[in-house]
Amino acid sequence: MKIGIMTFWWSQDNYGQLLQCYALQKYLRDMGHDAYLIRYNPENDTNKTSLIRKFAKIFNPKKLTKYIFMKIKRKITEKKRFAQLEEQRLNPRYFDDFRAKYLKCSDTFYSSYDSLNENPPEADVYIVGADQVWNFNLYPKKAINAYFLNFGKNEIKRLSYAASWSIPKIDKKHITQISPLLQKFNYVSVREIKGLFYCEKCGVMNAEWVPDPTFLLKADKYRQIYKESTIRKPKDSYVLLYMLGNSTDFNIQKAYDFAKSKNLKIIYVTGNGVVDDKEKYYATIPEWLYLIDNAEYVITNSFHCCVFSSLFNKKFGVIQLSGVWKGSNDRFESLFKFLGIDSRYITNANFDNLEISYQIKDLCFSQSFLEALYDSKN
């Protein structure tokens with residue numbers, strides 16, 4: 001069966017994004033399917049702001065003040081970011097090499113939703129998921145059509161696997177747009193419990209809660225990636241600190257203090273535009289997997305770093321997100337419940353949850369998903 005997968009895939013520093021993309025494709029290909037990534041990028045689907053609205057913003061004193069403040073703050077940040085980008089250029093992570101080696105991709109690069117409509121990917125089945133593909137706050141509104149599979153022939157099956165909304169609420173405007181698209185799906189599953197509620201709001205009452213696709217592969221499958229690669233291996237015992245650019249109230253110096261109290265070093269890996277003055281470790285994807293697997297402790301605000309920490313049975317602590325990202329904490333809550341483990345949140349003042357032992361159960365593909373995939377009546 002030919003299966004086209006819609007997901008996020010283009011990052012140069014978000015390890016979880018690439019590995020969730022790899023895991024779903026790998027699992028399906030190991031089942032004998034011709035699964036491949038649909039190379040779609042939503043950037044060109046930006047809704048342009050009209051001149052009238054731009055002028056309205058300029059002449060609104062409150063918005064103008066906010067704009068000037070943000071410009072000053074951005075200039076300061078950009079200086080640091082430029083220095084960090086130069087450091088990254090000198091220390092490549094080779095994400096493109098990973099894509100080339102481990103992912104089968106569409107020959108066509110779809111630079112817009114219109115291009116998907118004009119020349120739809122050939123497939124018997126389209127699958128969207130996982131990552132935050134239904135978090136429409138992350139991408140332009142026109143791209144909603146792309147990630148809710150509103151393209152291609154009607155007879156092509158449309159399924160979601162562990163699609164993540166990761167939004168604090170859904171408004172009537174989005175419900176109106178999404179409902180008719182979602183109800184065309186042959187099967188719907190989501191990664192977070194709250195996603196079931198959003199599906200119901202959109203008229204889909206039989207959505208299923210399933211684990212992230214990275215759980216579809218056993219730990220040894222991921223170990224094989226770093227074992228067949230040339231990687232650096234730290235000589236000293238260490239705490240792995242992996243931070244994405246999502247806002248938190250956590251002071252990372254506290255992680256360094258914790259490591260020192262355990263007579264361990266810190267290996268600090270970042271993604272998604274983190275800007276600070278700490279020394280970074282620019283790991284390749286195989287190195288990142290090795291670092292998690294061999295760490296004494298893992299401290300992170302990344303969902304997928306938590307996933308791999310649990311797969312490798314590591315002592316890990318979760319830093320909650322704050323500000324506009326606060327609504328995404330339901331990813332961690334759902335993960336804890338799915339794995340049947342206690343909360344592993346840590347704070348500036350309390351690292352005790354790092355020491356709690358746990359055991360995770362084996363997770364597998366949903367039977368309902370497989371029935372929808374193979375049901376010739378759908």
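**Cavity, sheets and loops of the predicted model**

In this predicted model, the search for enclosed spaces of 30 Å³ or more gives a count of 1 cavity. The volume of the largest cavity is about 70 Å³. Its lining is made up of 13 residues, and those closest to the centre are Arg191, Pro211, Asp212, Phe303 and Leu335. Helix α13, which spans residues 330–339, supplies the largest share of this lining, with 5 residues. By class, the lining of the largest cavity holds 8 nonpolar residues, 1 polar residue and 4 charged residues.

Open spaces can be described in a similar way. The largest pocket has a volume of about 640 Å³. It is lined by 24 residues, and Asn14, Gln17, Leu138, Asn272 and Trp325 are the ones that lie nearest its centre. The lining of the largest pocket divides into 9 nonpolar, 10 polar and 5 charged residues.

Next come the strands. In general, the strands of a sheet pair through backbone hydrogen bonds, and the pairing is either parallel or antiparallel. Here, an open sheet of 4 strands is found with parallel pairing, and reading across it gives the order β9-β8-β10-β11. The edges are formed by β9 (265–271) and β11 (316–318); each of these has a single partner strand, so one side of each is left without a neighbour in the sheet. On average, and with direction ignored, neighbouring strands of this sheet are turned by 15 degrees against each other. Strand β8, covering residues 238–244, runs parallel to β9 and is joined to it by 7 bridges. Within this pairing, Leu241 has Tyr268 in β9 as its bridge partner.

A helpful place to look next is strand β4 (residues 125–128), which is covered on both faces. Val125 and Ile127 lie on one side of β4 and Tyr126 and Val128 on the other, and all four are buried. Strand β4 pairs with strand β1 (residues 2–6) through 4 bridges, and the two run parallel. It is likewise joined by 4 bridges to strand β5 (residues 157–160), again in parallel. Ile127 can be followed through both pairings: Ile127 is the bridge partner of Ile5, and Ile127 also stands opposite Leu159 in β5.

The loop that runs between β4 and α6 (144–147) includes Ala130, and a backbone feature worth finding lies at this point. In general, most peptide bonds are trans, and most residues other than glycine have a negative phi. The peptide bond from Gly129 to Ala130, however, is cis, with omega near -5 degrees. Asp131 lies in the loop between β4 and α6 as well, and its phi is near 50 degrees, a positive value in a residue other than glycine. With a relative accessible area of 10%, Asp131 is under the 20% cut-off and therefore counts as buried.

A positive phi also occurs at Ala162, where the value is near 55 degrees in a residue other than glycine. Ala162 is placed in the loop between β5 and α7 (172–182). Its relative accessibility is 0%, so Ala162 counts as buried.

Two further loop residues complete the picture. Phe365 is found in the loop between α13 and α14 (367–374). Although Phe365 belongs to a loop, its relative accessible area is 5%, and it is buried. Leaving aside residues up to four places away in sequence, Phe365 touches Leu24, Tyr27, Leu28, Met31, Tyr161, Leu216 and Leu370. Phe365 and Val210 are 155 residues apart along the chain, yet their C-alpha atoms are separated by 8.1 Å.

Ser112 sits in the loop between β3 (105–110) and α5 (113–118). It too is buried, with a relative accessible area of 14%. Not counting residues up to four places away in sequence, the contacts of Ser112 are with Tyr40, Asn41 and Asp45.

Technical notes:
Residues numbered from 1 in each chain as written. Predicted model: local features only at pLDDT ≥ 70, side-chain atom pairs only at ≥ 80, totals over all residues. Heavy atoms only, no water. 1 Å grid on protein atoms, 1.4 Å probe; cavity = no way out; pocket = protein on both sides within 12 Å on 5 of 7 lines; lining within 4 Å. Points joined across faces, edges and corners; volume = space filled by probe spheres on them. Nonpolar A, V, L, I, M, F, W, Y, C, P; charged D, E, K, R; others polar. Pairing = 2+ DSSP bridges. Axes fitted to C-alpha atoms, helices over the stretch in contact; angles between N-to-C directions. Buried < 20%, exposed > 50% of the residue type's maximum accessible area, 1.4 Å probe, protein only. Contact = heavy atoms within 4.5 Å.
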